[in-house]
Amino acid sequence: MKKSHRRKARLPKRAATEALLALSRAALESATQAICVYDADNRVVLFNRRFIEIFNMSADVIRPGLTYREVMEHSAACGNFAPDSVEQRCRDRFAQVAAGKPFSAQQEMPSGIIMTLDVKLLPGGAWMTVCDDITQRAKLESELQLQTERIERAVAHMSHGLTMYGADERLVVCNEQYLQVYGLDPGVVKPGITHREVIEHWVSRGNAPGRTADDVYQRRMAEIRKGASSVGLLTRSDGHTIQSVSSPMPDGGWVSACYDVTDRLRHEEALKQQNLLLDAALENMAHGLCVYDKDMRLVCRNSQYLEIYKLTPEQAKPGTHLSELADFVIRNGAYSAAEYNAEQIMATARERIVNLDHAALHRRTANGRLIAVRYRPLPDGGFVGTYEDITERERAHEELSEQHRRFDAALNNMSQGLCMLDSNLRMIVCNKRYLDIYGLSPEIVRPGVSMREIMEHSCALGNHPDTSAQELYDGYVEKLKDGARTIFRPLADGRIIKLHHSPMEHGGWVITYEDVTERHKAEARVTHMAQHDALTDLPNRVLFRERMNEGLARASAEGAAMAVLCLDLDDFKTVNDRLGHAIGDRLLCWVADRLRECVGENDTAARLGGDEFAVLQCGPQPESAERLARRLTEIIGHPPPFEDQMVHSGVSIGIAIVPVDGLRAEPLMKCADLALYRAKAKGRGGYEFFRSEMEEVALTRHLLETDLRGALEAGEFHLVYQPQIRLDSGELTGFEALLRWDSAKRGPISPAEFIPIAEETGLIVPIGEWVLRSACATAAQWPDFVKVAINLSPVQFRARGLAAMVTSALAAAALAPDRLELEVTESALLQDDAATIAILHQLRALGIRVSMDDFGVGYSSLGYLRKFPFDKIKIDRSFIGTLGESSGSEAIVRTIASLGANLGMTTTAEGIETAEQLELVRQAGCSEGQGFLFSRPCASTEVFRIIERLNHAARVA
């Protein structure tokens, strides 16, 4: 009984154990991990199905009691690792178990499965392996790492600065653009630095002028702590304005993006000013104007529109429909309800807009005013209406200019194209601008496509004529290998694209694409303009000097000969003044064309300025230079008519020879200028080679000019007076004041020698004023019937205040204006005949007499007699001197005298030296005479004696 009882008691315990073991096996089989348990003898005790599956082993082979070595041999046979590594793997595993410490490892299976293998030690020397499949997790981690790297690259290549601060106000991360935008030292600004320290560093570099670092910090933090996105502006030391856009983060920190907005603010201000100008223009238009949207609702209107149609601002506010406006206009009495209604006005407007009819529609208002109405459609479907009161005129005087539409800019649009390539030149990402630049299809150009394929697509579109895709790709790769970072790519349509490559840290490139076509064209234009004359397109002084230096270097190194020719047009100022600057410009262009035709292929012709040209000539010298100079003087001396106007001009040329006259540019130009000066002095229209004595002449002239500058102050000038006689009665009429210079160093100097220098240097203006004041003061002491004649230089007319100066001299001397006679030459009138004649009219209005000196030597004298009523004509002494010898001179003197008589002008014969000449000018009909026959010029102290002598002679006669 007892034994039977004990057996019954054992049965429930055994059943419980078996149940527990079954439960453990079920749990083991349902585990996602592969598990295998070994005893102290390294034999399999138990394992689950996942262990068989993960190693791709056979369930028929793996069974309890199998040794670890046998398991490993079977695993190697299944291809999990090399069979010859079984022994080593067993030794390593037994050593690890014997060490008594658990350990882990990671292993990638041939099937691509990545797993972790954990070895755990069990009591009694047993141990177990737990294998976990982490393939998906590893893949996610790899993708996350790749995504992180891409984000970091994108941040690094952003066009704006980006920074992140933590809740403790310490810098977490920033990109290089952030440092560049603020001008910060990367050695100072690093992760961990506080925001206050960054601001102190920034202010210490001269930024935020007029503000302290603490002030800047407090303001920035006040903006950031608002808990919402904020925008702040800061000013750099160089005046640039930086905009910072800050956004808070959930952890209490913030992210800021910074931009240099200097240009944008300037453009915004310009746009604001433009809008103000447009508003002002709108309000100051002579006619009414309205802008309507596509629904025919009012967008804006001006005050003139309200005034024309008697509308109030409330009635014609933005949003009001055209039909409502028409009702208000009719209701207010601007249009008669019997003639117009809102439906008719609406229908007419629709019809004209649809038919693009821009002609004026005339409508009569109730008060009789006639309004011209025009409708013009806008691209967005709206239209503009103009309402012009044309009662007193029939056509509009102004048209409304349409405003340029503002450009829409999306956040992801850049001004440059961008493409990111991996190390195998396969595309990672690109933007829309990149596709637009080349006209690429987004269906073809997508992530993963190779640059070779992109170039094949681009060639197929015709972007790269005469180049195959393979050649384009090979050349591109070669340039990258050679270290090229910037490549300029010309396209078939004429555009030039600039490619800039920035290498990425782990291989690959970030490439920006910029259309620099206009910049290249502008740079080429600027370079050409900087080196060429704008009118003639010849090389200018800068380019001429550059080529001259190059030629001199060759001449010095190779001993080659070269010539420098300086050219100056003769009488060019006369052409400009008489025929106008347009004709003058055409003459300059004609001369430039002749220079191009005459010079050799390797020569350089340039315009140095005004009417000055120069030629740099290669070849045997001086023969080549003389041939060229002779040809140029012949051709340029016979210019064609321009606009039916005959042009009288020529060219004078000075020549310097290399190496005879030097090997340096400055001295050579000086030599050529001296030769040119000599050519002009010899009568113009010729050429001269430089000779050493020319320097002496130039030095002498320079010294004379230096002495002349101090002569007035030193009191070295004095006046002499030569009488003028009436030929019919022999009576004295007046004296001509003549300037003389007695130099303390040189003695008496001829006026023919110093007057041209005084005119060239402008000294004639103060000297001429002294002559005028001195002569007036002296003449005031003479009898009232005696006049004084004074010569005026052309330079005095160009100086301001001539009339005022003459008036002042008369007032200071208390001399009656009718006793003063001013003599002008034709050259004075040629300078600027309109201005000069206006001044002469002012002087004549004061009662001053005006005479034309040296009449007959110019080819425009008769024309000036028609333009201005001169009181006297003085016949040039060159005609008087040949009387009795030349029948032509007698005819000319007789003709001039007859002309003067017919015009009511006195005619004076200058330079009478013989009784025969006196008799001939009397017979010719001249009114007055002047010359050595009557008296040589005398000092002022001799004037009264001559007055008495001549008056006595007249009484006796």
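This tour visits a helix, a strand hairpin, a buried glutamate and two nonpolar cores. The structure is a predicted model.

**Helix α12**

Begin by selecting residues 342-354, which form helix α12. From first C-alpha to last, this 13-residue helix reaches 18 Å, close to the 18 Å expected at 1.5 Å a residue. Next, display the side chains of A342, I345, M346, T348, A349, R352 and I353, which are buried. Looking down the axis of α12, one finds these buried residues within an arc of 165°, so they line one face of the helix. An α-helix has 3.6 residues a turn, so residues three or four places apart point the same way.

To see what the buried residues of α12 pack against, add α11 (322-331), β13 (361-364), β14 (370-377) and β15 (383-389). Then rotate to the face turned away from the buried side, where the exposed residues E343 and V354 are carried. Beyond the helix, select L356, which follows α12 and has a positive phi, near 55°.

**The hairpin of β8 and β9**

Move to residues 230-235, strand β8. Its covered face consists of S230, G232 and L234, while V231, L233 and T235 make up the uncovered one. Now add strand β9, residues 241-248: the two strands pair in the antiparallel sense over six bridges. Within this pairing, L234 of β8 stands opposite I242 in β9. Five residues lie between the strands of the hairpin, and G239 takes a positive phi near 90°.

**E736 in strand β27**

Select E736, found in strand β27 (residues 732-743). Is E736 buried or exposed? The cut-off for buried is under 20% relative accessible area; E736, at 4% relative accessibility, therefore counts as buried.

Which side chains make polar contacts with that of E736? One is N791, at 2.7 Å; another is Q930, at 2.6 Å. To view the surroundings of E736, leave aside its neighbours within four places in sequence and show its contacts V720, Y721, Q722, Q724, A789, N791, E823, K874, E910 and Q930.

**The nonpolar cores**

Finish with the largest nonpolar core, which has 76 residues. Within this core, V788 and L820 have the most contacts. Centre the view on L820: not counting residues up to four places away in sequence, it touches L772, C776, V788, I790, V806, L810, I848 and R849. A second core, separate from the one just visited, has 30 residues, including F572, L588, A592 and I653.

Conventions: Residues numbered from 1 in each chain as written. Predicted model: local features only at pLDDT ≥ 70, side-chain atom pairs only at ≥ 80, totals over all residues. Heavy atoms only, no water. Helix = DSSP H or I, 4+ residues; strand = E, 2+ residues; numbered from the N terminus. Expected span 1.5 Å × (residues − 1). Buried < 20%, exposed > 50% of the residue type's maximum accessible area, 1.4 Å probe, protein only. Arc of directions from axis to C-beta. Contact = heavy atoms within 4.5 Å. Pairing = 2+ DSSP bridges. Polar contact = N/O pair within 3.5 Å; in protein donor to acceptor, adjacent residues only side chain to side chain. Core = buried A, V, L, I, M, F, W, Y, C linked by side-chain atoms within 4.5 Å.
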